[in-house]
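These are my notebook entries on one chain, kept in the order in which I looked things up. I wanted to see how the elements pack together and then to follow a few single residues.

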Amino acid sequence: MPYELQELAAISGMPGLYRLVRAARHGVLVESLDEKATRTLAPARNKVSLLSEISIYTQDPDQTVPLTEVFERIYQKHGAASPVTAKSSEGELTDFLAGVIPDYDRDRVYLSDIKKLANWYGIVSKHRPYQAAETAASEASATEAPASEAAAETPAAEAAPAASKAKRKGAKASEEPAANEPLSTGGVIGETDAAPTAEGNPEATAPAKKSRKKAE
């Protein structure tokens, strides 16, 4: 796929998205996916969610759409500039997702999930320009090894089993998840920072009070 997400991740307690660089003694060395490209150590206690292991629920309980494919659909329909942001209205956000995944599960994909999707797409499309399929494939082979090594020694390794378990779960969620809960998929988003400050970042919102209201 043109958007290569294999080495990109969301990390609990750390705003934004990150590129996994390599495993370290007490965690993972990561690089922020922004203009500064700051390198820092993500502690081993932080949960790492690889974007390549996240997918969106559909109305078929046995079918999900990988985030890589979702990003591809968004690009084909809207280009690199997302038509919505985390601050868009509920109607705009739900229409946006329905436009790329018509059969997405309205009971398990919440408004907070769509906000994260819009935010992540904006970050990735800005700092990882869309590439032709053949170019993406060649670059993926060059970066696969370091990303895999970093993931193997962090909680990201737990994301795959969590994904399988989440996808097998047939019962519908009865409450909308707080901002620190999974993206209605197999990916584990993990806990948010106690005092996040990054504006509009899906990982930096204060834990929301659970309610039974879901996105229409």
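I began with burial, for which I took a residue as buried when its relative accessible area is under 20%. By that cut-off, 45% of the 216 residues of the chain count as buried. I note at the outset that this is a predicted model, and every value below was computed from it.

**Entry: overall layout.** I listed the elements and found 5 helices and 7 strands in the chain. Read from the N terminus, their order is β-β-β-β-β-β-β-α-α-α-α-α. I also looked at how far along the sequence the contacts reach: of those between residues at least 6 apart in sequence, 67% join residues at least 24 apart.

**Entry: nonpolar cores.** I looked next for clusters of buried side chains, since in soluble globular proteins nonpolar side chains tend to be buried together. The largest nonpolar core here has 31 residues, and Leu51, Leu67, Phe71 and Val124 are those with the most contacts inside it. At least two residues of this core come from each of strand 1 (8-11), strand 6 (55-57), helix 1 (67-78), helix 2 (90-100) and helix 3 (111-127). Helix 3 contributes the most, with 8 residues. I then recorded a second, separate core of 10 residues, which includes Ala9, Met14, Tyr18 and Val30.

I went back to Val124 and, setting aside residues up to four places away in sequence, found that Val124 touches Tyr3, Leu5, Leu8, Leu17, Leu33, Leu51, Phe71 and Pro129.

**Entry: helix packing.** I took the helix pairs one by one, noting for each an angle and a distance, as two packed helices are described by the angle between their axes and the distance between the axes.

For helix 1 and helix 3, the packing angle is about 75° and the axes are 11 Å apart, so I entered the two helices as roughly perpendicular to each other. On the side of helix 1, the residues that meet helix 3 are Leu67, Val70, Phe71, Ile74 and Tyr75, and their counterparts in helix 3 are Leu117, Trp120, Tyr121 and Val124. Sorted by class, this contact has 9 nonpolar residues, with no polar and no charged residues.

For helix 2 and helix 3, the axes come within 10 Å and cross at roughly 70°, which makes helix 2 roughly perpendicular to helix 3. Glu90, Leu93, Thr94, Phe96 and Leu97 of helix 2 make the contact with Leu111, Ile114, Lys115 and Leu117 of helix 3. By class, I counted 6 nonpolar, 1 polar and 2 charged residues in the contact of helix 2 with helix 3.

For helix 1 and helix 2, the angle is about 100° and the axes are 9 Å apart, and I therefore noted helix 1 as roughly perpendicular to helix 2. The residues in contact are Arg73, Ile74, Lys77 and His78 of helix 1 and Phe96, Gly99 and Val100 of helix 2. They divide into 3 nonpolar, 2 polar and 2 charged.

**Entry: Ser125.** Which backbone oxygen does the side chain of Ser125 reach at 2.8 Å? I found that it is the backbone oxygen of Tyr121, while the backbone oxygen of Ala80 lies 2.9 Å from a polar atom of the side chain of Ser125. Ser125 lies in helix 3 and is buried, with a relative accessible area of 11%. Apart from neighbours within four places in sequence, Ser125 is in contact with Tyr3 and Ala80.

**Entry: Lys116 and Val28.** Is Lys116 buried or exposed? Lys116, in helix 3, is buried, with a relative accessible area of 2%. Its C-alpha atom is 8.8 Å from that of Thr85, although the two residues are 31 apart in sequence. I then checked Val28, which is placed in strand 3 and counts as buried at 2% relative accessibility. Between Val28 and Thr40, 12 residues apart along the chain, the C-alpha separation is 8.4 Å.

**Entry: Ala37.** I closed with a backbone check, for which the background is that most residues other than glycine have a negative phi. Ala37, not a glycine, has a positive phi of about 50°. Ala37 lies in the loop between strand 3 (27-32) and strand 4 (39-43), and with a relative accessible area of 31% Ala37 is partly exposed.

Definitions and conventions:
Residues numbered from 1 in each chain as written. Predicted model: local features only at pLDDT ≥ 70, side-chain atom pairs only at ≥ 80, totals over all residues. Heavy atoms only, no water. Core = buried A, V, L, I, M, F, W, Y, C linked by side-chain atoms within 4.5 Å. Buried < 20%, exposed > 50% of the residue type's maximum accessible area, 1.4 Å probe, protein only. Helix = DSSP H or I, 4+ residues; strand = E, 2+ residues; numbered from the N terminus. Contact = heavy atoms within 4.5 Å. Polar contact = N/O pair within 3.5 Å; in protein donor to acceptor, adjacent residues only side chain to side chain. Axes fitted to C-alpha atoms, helices over the stretch in contact; angles between N-to-C directions. Parallel < 35°, antiparallel > 145°, perpendicular 65-115°, else oblique. Nonpolar A, V, L, I, M, F, W, Y, C, P; charged D, E, K, R; others polar.
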